[in-house]
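Biologist: Please take a close look at one part of this model, the element with the highest mean pLDDT. Then set that part in the rest of the chain.

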Amino acid sequence: MSTSRNRNAERVQQSRISRQRSSERSQAKGRFGAIPERFMQPRLVLLVSTAILVCFGLVMIYSASSISAMTSEDMGYNPFYYVQRQLSFAAAGVVLAFIVSRIDYRAVVRNFQIPIWFVTIGMLAIIFTPIAGADAYGATRWISIGPFSFQPSEFAKITILVSVSYLAQQYFIDQTIDKMEFFKKFAIAALVPLVLILAQPDKGSTLIIVGTLLVIGYLADVDRRVLATIAVAGFIGFAFLSLKDDYSRARVMTMLNPWADYYGAGYQLAQGFYAFGSGGIFGVGLGFSRQKYSYLPMAHNDFIFAVIGEELGFIGVLGLLVVFGALVWAGFKIARYAPDLTGRLIAAGCTSMFIIQAFVNIGGVLGLLPLSGKPLPFISYGGSTIMSSILMIGLLMSVSRQSRLPETEHDRQRATWSMAEGQDDFDAPGFAGLTMVDGGVGVGMPLPRSSRPKSSAQSSARPSRGVLRSRNDDAPQGRITTDASGRRRIDLGPSASDRLRGNNTRPRR
């Protein structure tokens, strides 16, 4: 009798310990979050690749700008002038991105889409006024207020992307608007800011936005013939705008032959070619660029890719592209698991903007595209571009945080399992919803050594323990068996090897 009481006491103590450990695991999950791998993996890759790109960009900005800043009175002879400013802009972008990532993007597009659009239009219109407009390199793209200046088109890209993504959700999925209303709202949300951006003129941003809209249309299952027609019309329009004035036409001619006007329009591109030619396979070494000694104009901005090629060579350029590829993979993975069409298009649109803008910058530096003045995302110097790029990372994180796993048949079946009335919950790892009745042990937890029966006779004299029950009482009964040594087991049927064999005992293919 005392032995039986001791065994019961040990079972109760074991059950209490198990419940305490389960409570600790639940608290740990509450602190760190039980996030499925399919969501956490792209999220971590996105954050790590972004951090690598931003830090690498700071290093290259210092390397490319330290000489010019150290010899300039306007920069206070401070070699860290551009790095310090870039770091402050990046920190501001991180704060904004963190705030955005903690907010449900669906609440933003439903409640704040219209106010954000009006603010964007206002910023795009202000740059045409003499109060805040600043002319630079043949275009009016910046708002200058005191010592600060920023480029509204960088933030207008995000506004257009979010607005069009929500319109697609309303038209294709929710069907709350008809075709005519969709086109009207699309013209207001996308075409109006596009016209203002093109009037600056900022053909680079226009190209990036139009390319992103084509990607969104493809993912929203717009008719492929319509998309092809828009793409062809856009190419013709871009070619016309590139040849209609002397300034734009000079950029096209420079792309074709920079040596024709070596000391004029082709000087910057030719110096970029010299930088790549000096780099070779492994580069001349980090910080040992020769072109940054006032030979290559805007070495820390538009042409920072040429400095990377010179100092780190082909291997460094390839490594940079690999990190960009990891970021793109993570972005499209997040888009794949987005909870709705709006999130899917926002995530895919942000990722596509990174790809297209990087292609425009790299293509211009390599002479494959006309120079557009668009910086390399996360790498080139520029407060507006680094803030908008990090802000889009915050949008991607917001989409990822709202992703949920769909309920499966196993989840629904597991939800029907419960504990028999009046029995303790033996919550051990591996139970996956199985419960213990009258002190019995379920799957995944070995029977305590002190509570194992000494013989089959002793176990048959007591009521069977560990029988699994469910709410609808359809669970199989009598699956607890005892072998000759007195070890109790749950009979799971034939072994895996037996299930794979037929009557001829040969394995199935």
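Modeller: pLDDT is the predictor's confidence in each residue, on a scale from 0 to 100. This is a predicted model, and the mean pLDDT of its chain is 78, with 72% of the residues at 70 or more. Among the elements, H12 has the highest mean pLDDT, 94, while helix H16 (residues 456–461) has the lowest, 43. So the part you ask about is helix H12, which covers residues 304–336.

Begin on the outside of this helix. Phenylalanine 314 belongs to H12, and its relative accessibility is 48%. That value makes phenylalanine 314 partly exposed, because the class runs between 20% and 50%. Phe314 also helps to make a nonpolar surface patch of about 620 Å², together with Ile281, Phe282, Ile315, Leu318 and Val322. For scale, the chain exposes about 27300 Å², and carbon and sulfur atoms supply 62% of that area.

Now turn to the contacts that lead inward. Threonine 351 is part of helix H13, residues 341–365. Its relative accessible area is 0%, so threonine 351 is buried. Apart from neighbours within four places in sequence, threonine 351 is in contact with Val328, Gly331, Phe332 and Leu396. By their numbers, Val328, Gly331 and Phe332 fall within H12.

A second residue can be followed in the same way. Isoleucine 393 sits in helix H14, residues 383–401. Isoleucine 393 is buried because its relative accessibility is 5%, under the limit of 20%. Beyond four places in sequence, isoleucine 393 touches Leu46, Thr50, Leu327, Phe354 and Phe378. Of these, Leu327 has a number within the range of H12, and Phe354 has one within the range of H13. Isoleucine 393 also lies 8.3 Å from serine 101, C-alpha to C-alpha, although 292 residues separate the two in sequence.

What comes before H12 in the chain? The loop between helix H11 (267–279) and H12 contains methionine 298. Its phi is about 55°, a positive value, and the residue is not a glycine. Most residues other than glycine have a negative phi, and most peptide bonds are trans. Methionine 298 is partly exposed, because its relative accessible area is 25%.

Two other loops also hold backbone features to look for. Aspartate 221 lies in the loop between H8 and helix H9 (224–243), and its phi is near 70°, again positive in a residue other than glycine. With a relative accessible area of 58%, aspartate 221 is exposed. Proline 201 is in the loop between helix H7 (179–198) and helix H8 (203–219). The peptide bond from glutamine 200 to proline 201 is cis, with omega near -5°.

Aromatic rings are another thing to find in the view. A pair of such rings is described by the distance of the centres and the angle of the planes. The structure holds 17 aromatic pairs. In one of them, the ring centres of tryptophan 117 and phenylalanine 118 are 5.1 Å apart and the planes meet at 85°, so the pair is edge-to-face. Tryptophan 117 is buried, at 15% relative accessible area, whereas phenylalanine 118 is exposed, at 54%. Tyrosine 171 and phenylalanine 172 also form an edge-to-face pair, because their planes stand at 75°, with ring centres 4.9 Å apart. Tyrosine 171 is partly exposed at 21%, and phenylalanine 172 is partly exposed at 28%. One aromatic cluster is formed by Trp259, Tyr262, Tyr263, Tyr267, Phe273 and Tyr274.

Last, the whole chain. The chain has 17 helices and 5 strands, and 42% of its 509 residues count as buried. Of the contacts with a separation of 6 or more, 65% are between residues 24 or more positions apart. Some stretches call for caution. pLDDT stays under 50 over residues 26–32, where the model has 2 contacts beyond four places in sequence. Residues 419–478 also stay under 50, and there the model has 96 such contacts. Helix H16, with its mean pLDDT of 43, falls within that second stretch by its residue numbers.

Notes:
Residues numbered from 1 in each chain as written. Predicted model: local features only at pLDDT ≥ 70, side-chain atom pairs only at ≥ 80, totals over all residues. Heavy atoms only, no water. Patch = residues over 30% accessible without salt bridge, like charges linked within 9 Å, V, L, I, M, F, W, Y side chains within 5 Å. Areas by Shrake-Rupley, 256 points an atom, 1.4 Å probe, with all protein chains shown as cover. Salt bridge = Lys/Arg side-chain N within 4 Å of Asp/Glu carboxyl O. Helix = DSSP H or I, 4+ residues; strand = E, 2+ residues; numbered from the N terminus. Buried < 20%, exposed > 50% of the residue type's maximum accessible area, 1.4 Å probe, protein only. Contact = heavy atoms within 4.5 Å. Phe/Tyr/Trp six-rings, centres within 6.5 Å; stacked < 30°, edge-to-face > 60°.
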